[in-house]
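Colleague: I would like to go through this model with you, one question at a time. Please show it first.

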Amino acid sequence: MTVTSTGTATVSASGLTLRYGGTAVLDDVSLRLQEGITGLLGPNGAGKTTLLRVLATAVPADRGAFTALGHDPGTAAGRLTLRRALGYLPQNPGFHPDFTAFAFVDYVAILKELTDRAARHREVRRVLEEVDLADVRGKRIKRLSGGMRQRVALAAALVGDPRLLVLDEPTAGLDPEQRMRFRDLVTRAGQGRTVLLSTHQTEDVAMLCHRVIVLARGRVRFEGTPAELTARAAGRVWSSPERDPGARAGWRTATGAFRNVGDPPEGADLLEPTLEDGYLLTLDDTGTEAAR
Amino acid sequence: MNDDTHAHGDTGRGARDDTGRGARDRIGPRGAGAWHLGEGDLRAYERGELTPPLLWSADAHLAGCAECRSRLAALADPVALDAAWERLDAELDAPRPGLLEGLLVRLGMADHTARLLAATPVLRRSWLLAVTAVLVMSAAAADTLRTPDSPTLFLALAPLLPLAGVALAYGPALDPTYEMAVVAPMHGFRLVLLRTVAVLAVGLGVNGLATLALPGYGLAALAWLLPALALTATGLALMPRLGPVLAPALTGGGWVVFLMVTVTTRHGDGPLPPFTAAGQGTAAAVAALATGLLFLLRNRFDSVAPAFTHHSHGSTL
Ligand SMILES: Nc1ncnc2c1ncn2[C@@H]1O[C@H](COP(=O)(O)OP(=O)(O)OP(=O)(O)O)[C@@H](O)[C@H]1O
Ligand SMILES: [Mg+2]
């Protein structure tokens, strides 16, 4: 966690805008990514998937531009070079269910232009080992558990040792143990690469990410380190025996007391903020801003 | 579930980690059959120069034949031999290619191209069966609704089949890995063409067989061919703009409406306009134009199609 905000940008986007039927799903999004893992946090419908699709060159933005790894995906040549250095895990990765894990990753490797059979098979074995699936490589995908399928998809994304990894909610739908394993894999995969992963879970961000971007209603609401996001809630979290009506949000904790975020009353019992508090307050600020 | 925990255990991994030569460990005492690998094949295998399908036969044989394995060991220098073992190991991991894939490779297609085609859902057996059933039915129907000089219903339906096949072979509707394929460096148009050619070959083949079942009409029974090409090319050319569902649907719908109009307005009993010489010429021209347009639009197949909607893949398994 020593990456600082002064690192050189591997991806930088400015003014990305994308409309579906009149509503701006992405509204003037500018951001910079650097080597290491960046978390993209945001509520349902915030535009996370759409942003990741744009950065993964699946859909072009209506307006704005970005460069990634020094390539301009606006040109056919730039897009091709970028795609050669890109691993993408879609939100609901599809599979050919009758393929085995090996055959599926092999298929993706072919799409990634690895035509030499021996070299390709070596690479497929390598990525399957990287996600701890070497033992089930001969099983059909439809017989694998959800967590294993997710790892097959991650293996497919890792084929060709991409410098840029775009992972859309990689930990969604996994049980806690699987989630821990998956975080481990992503941490390993994040070494020496630029990783952008979207998630609903502040826990993912706290445990994995060097940097975090909060997206809500298609706009970037925060960009910085997890510590900076947490610091947004400094002095704005307090405890009370009953729900504090003046709080922006409050919930009962395991101790039975209420944890409130917002503007604390005089003499309130202030608590140490967490990343979640910072995220909630950031979202809440965007909500009140939209209501005005 | 259970599977998962089992898979994460140490089962099966220790053995390969000891030696790094899993293949050697996995070779069982299976019978090897009567033949043995020739000297030349063995040398080519050892140098990594053997290609499929011969490579597969060699792998299968080596896995079961201790004699050939020791001959291979004898003739190889240790470094190359290690590489050969590693290759054999990888080959044993690699799944046996499916029926279709194996056939294509035996016919001389590169193995990676064969894999791309095998991943074309429409080429899967179930589809072929369904499609054949439809055709048999339409040919039978054509036979019952016998018109004097052309099997009208059959001619009207047959061109829709390759169009449907192409629509189903690419795009989000039936390709669960569509999004991954789009962002892969392989040119999207190449995948489209590859699958189109494959599906056309199958579709036209099936149609051709059905035509053979209508010998009474002679060449007139082949009048579906040019309209089929025209419809397929048009459907594809409209895809970048209208998306992979609407484009073929509109094209097919247009064809049906056009035929109904000609049926209600025609005089006398000759073949419908599209199946006359003039109609065939027009179909050929449309096919050529649409193909040209398709070529101009080829780069548009490199982004997700317009009608690709949100979360449409949740339940592909
Ligand atoms: N292809 C599309 N056509 C029309 N609307 C779309 C399309 N893709 C996304 N949207 C809309 O854009 C908005 C943002 O969607 P997006 O999938 O980017 O959100 P998200 O942050 O990933 O949400 P989730 O957390 O549920 O995955 C949603 O309102 C969605 O309905
Ligand atoms: Mg999403």
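Colleague: How much area is buried between domain 1 of chain A and domain 3 of chain A?
Modeller: This is a predicted model. Carbon and sulfur atoms give 77% of the area buried between domain 1 of chain A and domain 3 of chain A. The total is about 720 Å².

Colleague: Which three residues supply 49% of the area that domain 1 of chain A buries against domain 3 of chain A?
Modeller: In domain 1 of chain A, 11 residues are in contact with 6 residues of domain 3 of chain A. No other three residues of domain 1 supply more of its buried area than the trio in question. They are Thr202(A), Val214(A) and Phe222(A).

Colleague: How many salt bridges are there between domain 1 of chain A and domain 3 of chain A?
Modeller: The centres of these two domains, taken over C-alpha atoms, are 29 Å apart. The domain assignment gives 1–85 + 163–226 for domain 1 and 232–285 for domain 3. Between the two, the salt bridge count is 0.

Colleague: Where does the pLDDT of chain A stay under 50?
Modeller: Chain A has an average pLDDT of 88, and 96% of the residues score at least 70. The stretch with pLDDT under 50 has 11 contacts beyond four places in sequence in the model. That stretch is residues 1–5 of chain A.

Colleague: What are the protein donors of the magnesium ion (ligand 2)?
Modeller: The donor atoms are an OG1 and an OE1, lying 1.9 to 2.1 Å from the ion. One donor residue lies in helix α1 (residues 48–55) of chain A and the other in the loop between β5 (86–89) and α3, so the pair ties together parts that are 42 residues apart in sequence. Both residues are buried. They are Thr49(A) and Gln91(A).

Colleague: How many salt bridges are there over all chains?
Modeller: Side chains of opposite charge can pair when their charged atoms come close. The cut-off used here is a side-chain nitrogen of Lys or Arg within 4 Å of a carboxyl oxygen of Asp or Glu. By that rule the count over all chains is 13.

Colleague: Which residue forms a salt bridge with Arg84(A)?
Modeller: Arg84(A) lies in helix α2 (residues 76–84), and its partner in the loop between α3 (101–111) and α4 (117–130), so the pair ties together parts 29 residues apart in sequence. Arg84(A) is partly exposed at 46% relative accessibility, and the partner is partly exposed at 33%. The N to O distance is 2.6 Å. The partner is Glu113(A).

Colleague: Is Arg183(A) buried or exposed?
Modeller: Arg183(A) forms a salt bridge with Glu203(A), the closest N and O atoms being 3.5 Å apart. Arg183(A) lies in helix α6 (residues 176–189) and Glu203(A) in helix α7 (residues 202–208), so this pair ties together parts 20 residues apart in sequence. Glu203(A) is partly exposed at 41% relative accessibility. With a relative accessible area of 4%, Arg183(A) is buried.

Colleague: How far apart are the closest N and O atoms of Asp204(A) and Arg183(A)?
Modeller: Asp204(A) and Arg183(A) are both buried. The two form a salt bridge, with a closest N and O distance of 2.7 Å.

Colleague: Which residues do salt bridges that share partners join into one network?
Modeller: In such a network, the salt bridges have partners in common. The residues joined are Glu123(A), Arg126(A) and Glu130(A).

Colleague: What is the phi of Thr57(A)?
Modeller: Most residues other than glycine have a negative phi. Thr57(A), in the loop between α1 and β4 (63–68) of chain A, is not a glycine, yet its phi is positive. Thr57(A) is buried, with a relative accessible area of 5%. Its phi is about 65 degrees.

Colleague: Is Arg217(A) buried or exposed?
Modeller: Arg217(A) lies in the loop between β8 (211–216) and β9 (219–224) of chain A. Its phi is positive too, near 45 degrees. At a relative accessible area of 54%, Arg217(A) is exposed.

Colleague: How many of the 10 residues of helix α12 of chain B are buried?
Modeller: Helix α12 of chain B covers residues 160–169 and is mostly covered. Among its buried residues are Leu161(B), Pro162(B) and Val166(B). The number buried is 7.

Definitions and conventions:
Residues numbered from 1 in each chain as written. Chains lettered and ligands numbered in written order. Predicted model: local features only at pLDDT ≥ 70, side-chain atom pairs only at ≥ 80, totals over all residues. Heavy atoms only, no water. Helix = DSSP H or I, 4+ residues; strand = E, 2+ residues; numbered from the N terminus. Buried < 20%, exposed > 50% of the residue type's maximum accessible area, 1.4 Å probe, protein only. Donors = N, O, S within 2.8 Å, 3.2 Å for Na, K, Ca; no water. pLDDT = per-residue confidence, 0-100. Contact = heavy atoms within 4.5 Å. Domains from an automatic or database assignment. Buried area = accessible area lost by both parts, 1.4 Å probe.
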